[in-house]
Amino acid sequence: MTETVLSSPTRTVVIGYEKPFCVIGERINPTGRKLLAAEMALGDYSRVEADALTQVQAGAHMLDVNAGIPLADEPKILAEVVQLVQSLTDVPLVLDSSIVAALDSALAVYKGRPLVNSVTGEEDRLETVLPLVKKYDAAVVAISNDETGISEDPDVRYAVAKKIVERAEDYGIARCDVVVDPLVMPIGAIGLAGRQVFSIVHRLRTELKVNTTCGASNISFGLPNRQGLNAAFLTMAIGAGMTSAITSPLHPEIMTAIMAANVMMGTDRECRTWISKFREPVSDVERGERAGRRNRVRRRRVAL
Amino acid sequence: MENIDEIDLSALSDDELVEQMHDDLYDGLKEEIEEGTHILLDRGWEPYAVLQDALVEGMRIVGIDFRDGILFVPEVLMSANAMKGGMAILRPLLAETGAPTVGKMVIGTVKGDIHDIGKNLVAMMLEGAGFEVINLGINNPVENYLNALEEHKPELLGMSALLTTTMPYMKVVIDTLVEQSIRDDYIVVVGGAPLNEEFGNAIGADAYCRDAAVAVETCKELVAEMRAAN
């Protein structure tokens, strides 16, 4: 059974086939957020604080932290933001950068076991990122592209993922600590982008036996009602076997879709999470004949 | 069944036909655009007038509605594809008549970066607006850009990057143009998710383009300015 264990000093999150889908909050990322980028570059992290808290409140199990700002000191900012977010919440973090020095500085200050985002199949990335992941005993996201680009052939993307997993094992990183991102492309530009992902994810789960993640919002780029599409995509990706995604927990459509998919996949045992979220509140008037039992103490089962 | 009124394009007056072609471009109807292009040419229209009045004007409208969030990416791709159908007919004729071109761009994703969906979208939108586009693909070292500039002699050089690690390479390319004293021969525009205007200015580009619609407008303006100055 493939389980990826991530942690903060006080909380552990497990990504796995028998676990509810892991929601990784995407909001702490200045890419395409002009205001946030400008503030972060000046060391003003107030918006980061708010994004961290609202995402955890909305049900994020982990938070992605990215500080990719042009012309800024990304290693310094990423480390500062990681420390700040860890002081505010206890969810484990995803350390997200394409700059190896930034990953290094963030890993150095992180408390617990983070997920490093990311390594690709490109030779120089494999050689620089994997030793870091090993050094800090972290887990890593493996993006299925290499020097030749992002193939539209699912078999090629699967082969790249397999190569990364094998290289990670050479560095002493266990297969369960490599979470593969099959790469989600905009469906508005590539009509088969959805089917590509579902087919790769199925193979990653049944053949390579790894956990999977993705930047789910990419799917709806350039289209209206993005959250509706994101929700359908996530539902179908979970059906195909995906076990986590970097997405926005702030949209009710998305969280409802994920919770429903957990019910369908049998990872929300006895539908408990679903019921507790959606049980209609009962008013005193309607309570009627049940009123006498109002103060009955419910016996609780031991949480799984 | 959808009720589709068959329109006989050849029965329309010139003005009606041009307007119908604007609608057909908007709806991404490639065959209809090709047919309309042939009809106008048969009626003695100059290829350049067909390009400007029917195609470029039609795509201008598409561009505005894309910018304003009325049209979406798949629709714009269909419009651009329909435009390309018309352009394929006009291009050899335009070359023969020596008509002025809308502009030419060499575009590519920089070295170390393999992302090309956004860049391809820009290329298609530019082609849709009548530009000739030489698309160098992904992972381009400075030599690729230099060779393509030498070979194709475009007005515009476009560079794209999707990573904070690869976008500094745009400066390497621009610095090389400066070293070779050919920087001022070209309009350099840059784009990609992690970029911003400040970065574009810092590396010495002429413009940063936020998205494909902005890229088209910016390139048109800059080419017009360049031509007015010469």
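Begin by selecting Glu166(A), an exposed residue with 12 other C-beta atoms within 10 Å; a residue counts as exposed if that number is 12 or fewer. The model on the screen is a predicted one. Glu166(A) belongs to helix α6 of chain A, which covers residues 154-170. Next, add Cys22(A) to the selection: 144 residues separate Cys22(A) from Glu166(A) along the chain, and their C-alpha atoms are 24 Å apart.

**The nonpolar cores**

Now turn to the largest nonpolar core, which has 85 residues. Which of its members touch the most other members? Select Leu63(A), Val140(A), Ala142(A) and Leu234(A) to see them. Then display helix α8 of chain A (residues 226-240), which contributes seven residues to this core, the most of any element.

Keep Val140(A) selected and show its surroundings. Beyond its neighbours within four places in sequence, the contacts of Val140(A) include Val116(A), Val119(A), Val129(A) and Val133(A). Ser118(A) and Asp177(A) are also among its contacts. A second core, separate from the one just visited, holds 71 residues, among them Ile33(B), Ile107(B), Leu162(B) and Tyr208(B). As a general background, nonpolar side chains in soluble globular proteins tend to be buried together.

**A crossover in chain B**

Select residues 104-109 of chain B, strand β1, together with residues 132-135 of chain B, strand β2. These strands run parallel and are joined by four bridges. Within the pair, Met105(B) is placed opposite Val133(B) of β2(B). To follow the path between the strands, add helix α5 of chain B, residues 117-128: the chain passes from β1(B) through this helix to β2(B) in a right-handed β-α-β crossover.

**The two domains of chain B**

Colour chain B by its domain assignment, with domain 1 at 9-97 and domain 2 at 104-229. The C-alpha centres of these two domains of chain B are 26 Å apart. Where they meet, 13 residues of domain 1 of chain B are in contact with nine residues of domain 2 of chain B. On the domain 1 side, α3 (47-67) and α4 of chain B each supply at least two residues, and α3(B) gives the most, with seven. That side comprises nine nonpolar, two polar and two charged residues.

**Where the chains meet**

Finally, show both chains. How many residues does each chain bring to the contact? Chain B brings 20 residues and chain A brings 21. On the side of chain B that touches chain A, the elements giving two or more residues are α4 (73-97), α5 and α8 (197-202) of chain B. The residues on this side of chain B are 15 nonpolar, four polar and one charged.

Notes. Residues are numbered from 1 along each chain as its sequence is written. Chains are lettered from A and ligands numbered from 1 in the order in which they are written. This is a predicted model: local features need pLDDT of at least 70, side-chain atom pairs count only at pLDDT 80 or more; totals for chains, interfaces and linings use all residues. Two strands pair if DSSP finds at least two bridges between them. A crossover is right-handed if, with the strands pointing away from the viewer, the path from the first strand over the helix to the second runs clockwise. A residue is buried if 20 or more other C-beta atoms lie within 10 Å of its own, exposed if 12 or fewer, and partly exposed in between; C-beta atoms are placed from the backbone. A nonpolar core is a set of buried Ala, Val, Leu, Ile, Met, Phe, Trp, Tyr and Cys residues joined through C-beta atoms within 7 Å. Two residues are in contact if their C-beta atoms, placed from the backbone, lie within 7 Å. Ala, Val, Leu, Ile, Met, Phe, Trp, Tyr, Cys and Pro count as nonpolar, Asp, Glu, Lys and Arg as charged, and the others, Gly among them, as polar. Domain bounds come from an automatic or database domain assignment.
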